[in-house]
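This report describes the architecture of a protein chain and of the surroundings of its ligand. The account begins with a single residue and then widens to sheets, domains and the ligand shell.

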Amino acid sequence: MADKIRESAVITSFVLRPVDGRPVIQHKPGQYLTFRFQPASGAQLKRNYSISCGPNSDSYRISVKREANGQGGSRFLHDDVKVGDILEATPPAGDFFLPEAPPRPVVLLSGGVDLTPMVSMVETIADHHPALETHYVHGTMNSATHAMDAHVRSLAEAHGKIRVATFYSEPHPDDAVGESHDADGFISMEWLKDNTPLHEADFYLCGPKPFLHAFIGDLARAGVPSDRVHYELFGPADEAH
Ligand SMILES: Cc1cc2nc3c(=O)[nH]c(=O)nc-3n(C[C@H](O)[C@H](O)[C@H](O)COP(=O)(O)OP(=O)(O)OC[C@H]3O[C@@H](n4cnc5c(N)ncnc54)[C@H](O)[C@@H]3O)c2cc1C
């Protein structure tokens, strides 16, 4: 592990480079790695983490939320893993990814730590798709939990066609609409209808189960064809594959 970067009060990024110094297998933006951890105390754990950077031949980055409860995969990364430690991972996998030539505008919709595949997609769009209309729509609790905001906004500004909208469900007293974020509350279907090209875009969704359920249903009811709605669920450990 080559670098460890605190992104928010709960999310830390880990930059990974191959031990043998050779190039990494390039991922598709949205894909994940599967890790096998052996915490000092307890059983071996298998956990998936989406790659949060754009494809390159040098490194992967994953960005992980520390879960205080549970069996400890994320706590192991946050609390025990140091720069220089060796982590074991499988090659990139998964069929949730931005295609090589996106055919229409994209709306990237995420809640909480599920922003990771979206950041990979935004980096890819910034690097390779200068004309692609993109809407990066993200919901989190407040500025303390908000990760990678400055990074995404600087990519958007340089690109010119990436619009960023962030929602805080529990804003801190110091958080202010128009400064730290764009709206209070949760992302809503009404907002998407008014602010995104609902009937032209491909939607990429990543969030907790209720988030996905709500938007998949709402988008279908709004007439968005199911083949334009793509999603990933950061499922529980026993669903890791
Ligand atoms: C495709 C995919 C991509 C993913 N990408 C990311 C990513 O980019 N970043 C990221 O942070 N995570 C990601 N995840 C989730 C990640 O794989 C882990 O599930 C996560 O880090 C939690 O692992 P853990 O071992 O810390 O906690 P787990 O043991 O998996 O527990 C997670 C939570 O479940 C609940 N829970 C578990 N066991 C119990 C119990 N016995 N009683 C009550 N509650 C319980 C707790 O609320 C706990 O905090 C992804 C998952 C998938 C499937």
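## Asp 182 and its surroundings

In this predicted model, Asp 182 counts as partly exposed because 17 other C-beta atoms lie within 10 Å, whereas a buried residue would need 20 or more and an exposed one 12 or fewer. Asp 182 is placed in the loop between β9 and β10.

Leaving aside neighbours within four places in sequence, Asp 182 is in contact with Ala 165, Thr 166, Phe 167 and Val 177. A further relation links Asp 182 to His 138: the two residues are 44 residues apart along the chain, and their C-alpha atoms are separated by 9.9 Å.

## The six-stranded sheet

The strand β10 belongs to an open sheet of six strands, ordered β10-β9-β8-β7-β11-β12 with parallel pairing. At the edges stand β10 (183-184) and β12 (229-232), each of which pairs on one side only.

Within this sheet, strand β7 (residues 106-111) and strand β11 (residues 202-206) are joined in the parallel sense by five bridges. Ser 110 has Cys 206 in β11 as its bridge partner. Helix α5 (residues 209-221) packs on the sheet and touches β7, β11 and β12. The direction of α5 makes about 175° with that of β12.

Another helix, α3 (residues 149-159), lies across β8 (134-140) and β9 (162-168). The angle between α3 and β9 is about 150°.

## Two methionines

Met 148 is found in the loop between β8 and α3. The phi angle of Met 148 is near 60°, a positive value in a residue other than glycine. Is Met 148 buried or exposed? Met 148 counts as buried because it has 21 C-beta neighbours inside 10 Å.

Met 121 lies in helix α2 (residues 116-128). With 25 other C-beta atoms within 10 Å, Met 121 is therefore buried as well. Not counting residues up to four places away in sequence, Met 121 touches Pro 29, Gly 30, Leu 98, Leu 108 and Tyr 204. The C-alpha atoms of Met 121 and Lys 28 are separated by 8.7 Å, although these residues are 93 residues apart along the chain.

## The three-stranded sheet

An open sheet of three strands has the order β1-β2-β5, and its pairing is antiparallel. Its edge strands are β1 (3-6) and β5, each pairing on one side only. From one strand to the next, the twist averages 20°.

Strand β2 (residues 11-16) and β5 run antiparallel and are joined by six bridges. Here Ile 11 stands opposite Lys 65 in β5. Helix α1 lies across β2 and β5, running at about 110° to β5.

## Domains and their contact

The chain is divided into domain 1 (3-89) and domain 2 (106-232). The C-alpha centres of domain 1 and domain 2 are 23 Å apart. To their contact, domain 1 gives 15 residues and domain 2 gives 15 residues.

What classes of residue make up the side of domain 1 that touches domain 2? That side has seven nonpolar, six polar and two charged residues.

## The ligand shell

The ligand is surrounded by 25 residues. The closest are Glu 67, Gly 70, Gln 71, Gly 73 and Ser 74. By class, the shell comprises nine nonpolar, 11 polar and five charged residues.

Which element supplies the largest share of the shell around the ligand? Strand β4 does, with five residues. Each of β4 (45-50), β5 (60-65) and α1 (73-80) supplies at least two residues of the shell. Two of these elements also appear in the three-stranded arrangement, where α1 lies across β2 and β5.

Domain 1 (3-89) and domain 2 (106-232) each provide at least three residues of the shell. The surroundings of the ligand thus draw on both domains, whose contact takes 15 residues from domain 1 and 15 residues from domain 2.

Note on methods. Residues numbered from 1 in each chain as written. Predicted model: local features only at pLDDT ≥ 70, side-chain atom pairs only at ≥ 80, totals over all residues. Domains from an automatic or database assignment. Contact = placed C-beta atoms within 7 Å. Nonpolar A, V, L, I, M, F, W, Y, C, P; charged D, E, K, R; others polar. Near = placed C-beta within 6 Å. Helix = DSSP H or I, 4+ residues; strand = E, 2+ residues; numbered from the N terminus. Pairing = 2+ DSSP bridges. Axes fitted to C-alpha atoms, helices over the stretch in contact; angles between N-to-C directions.
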